[in-house]
Amino acid sequence: MSGKLAVALILALQVSMCFSQIPEADPELVDKYEALKKTFIQRIVNTFNRAHEVIAPLAQGSPTVAVAKGYIEELGGNPKVMSIYKIANGLSNEFAPLMEKARLAGLGLYGQYLRPHIGEPLDKAINQIKPILDTVMPADN
């Protein structure tokens, strides 16, 4: 019985060692990912700001907006909401390094296994959609 247990333990250790050998992300791929992420976030922020500029004057005298603002102010003063906010903020700070490791591991796996097969078509698709996004959601003001 102990022989079977030893073999099972060795196999379990071997499997865990295989999972710990994730390929490292290529710095060029990480830079490209960061640039695309930064541009996309900028597109979202600019679109939100433009929508706010358009909607804010329309909602000035609306009674629904006044009720919503009162409700939001009431929630902001609620200690339960503030404690939930503090907990969520603390959790996000705790998970940030873990998310960074997961992102780099994902980029490493993509670079090792998927990029040789789908990298070029994906790059072409991204470059083809950029002009459309530039007209619909421009990245710069």
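The following paragraphs lead through the salt bridges, a buried polar residue and a surface patch of this predicted model.

A useful place to begin is with the charged side chains, for a search of the whole structure finds six salt bridges. Side chains of opposite charge can pair when their charged atoms come close. One such pair is Asp123 with Lys32, whose closest N and O atoms are 2.9 Å apart. Since Asp123 belongs to helix H4 and Lys32 to helix H2, this pair ties together parts that are 91 residues apart in sequence. Both partners are partly exposed, Asp123 having a relative accessible area of 27% and Lys32 one of 31%.

A second link between these helices involves Glu34 and Arg103, which form a salt bridge with their closest N and O atoms 3.0 Å apart. Here Glu34 lies in helix H2 and Arg103 in helix H4, so the pair ties together parts that are 69 residues apart in sequence. The two residues fall into separate accessibility classes: Glu34 is partly exposed, at 32% relative accessible area, whereas Arg103, at 15%, is buried because that value falls under 20%.

Arg103 also forms a salt bridge with Glu100, and in this case the closest N and O atoms are 2.4 Å apart. Unlike the pairs that join helix H2 to helix H4, Arg103 and Glu100 both lie in helix H4, where three residues, about one turn of the helix, separate them. Glu100 counts as partly exposed, with a relative accessibility of 36%. Arg103 therefore has a salt-bridge partner in helix H2, namely Glu34, as well as Glu100 in helix H4. Elsewhere, Asp26, Glu28 and Arg115 are linked in a network of salt bridges.

Helix H2, which spans residues 27-58, also contains Asn46. With a relative accessible area of 2%, Asn46 is buried, and its side chain reaches the backbone oxygen of Ala139 at 2.6 Å.

The surface offers a further feature, in that Ile22, Leu109, Tyr113, Leu114 and Ile118 form a nonpolar patch with about 450 Å² of accessible area together. Within this patch, Tyr113 can be placed in helix H4, which covers residues 79-136. Tyr113 counts as exposed because its relative accessible area of 52% is over the 50% cut-off.

How values were computed. Residues are numbered from 1 along each chain as its sequence is written. This is a predicted model: local features need pLDDT of at least 70, side-chain atom pairs count only at pLDDT 80 or more; totals for chains, interfaces and linings use all residues. Side-chain values use heavy atoms; hydrogens and water are left out. Helices (H or I, at least four residues) and strands (E, at least two) are DSSP runs, numbered from the N terminus. Buried means under 20% relative accessible area, exposed over 50%, partly exposed in between (1.4 Å probe, protein chains only). A polar contact is a pair of N or O atoms within 3.5 Å; within protein, one must be able to donate a hydrogen and the other to accept it, and residues adjacent in sequence count only if both atoms are side-chain atoms. Patches are made of residues with over 30% relative accessible area and no salt bridge: like charges are joined within 9 Å, nonpolar side chains (Val, Leu, Ile, Met, Phe, Trp, Tyr) within 5 Å. Accessible areas come from the Shrake-Rupley method with a 1.4 Å probe; for residues, only the protein chains shown count as cover. A salt bridge is a side-chain nitrogen of Lys or Arg within 4 Å of a carboxyl oxygen of Asp or Glu.
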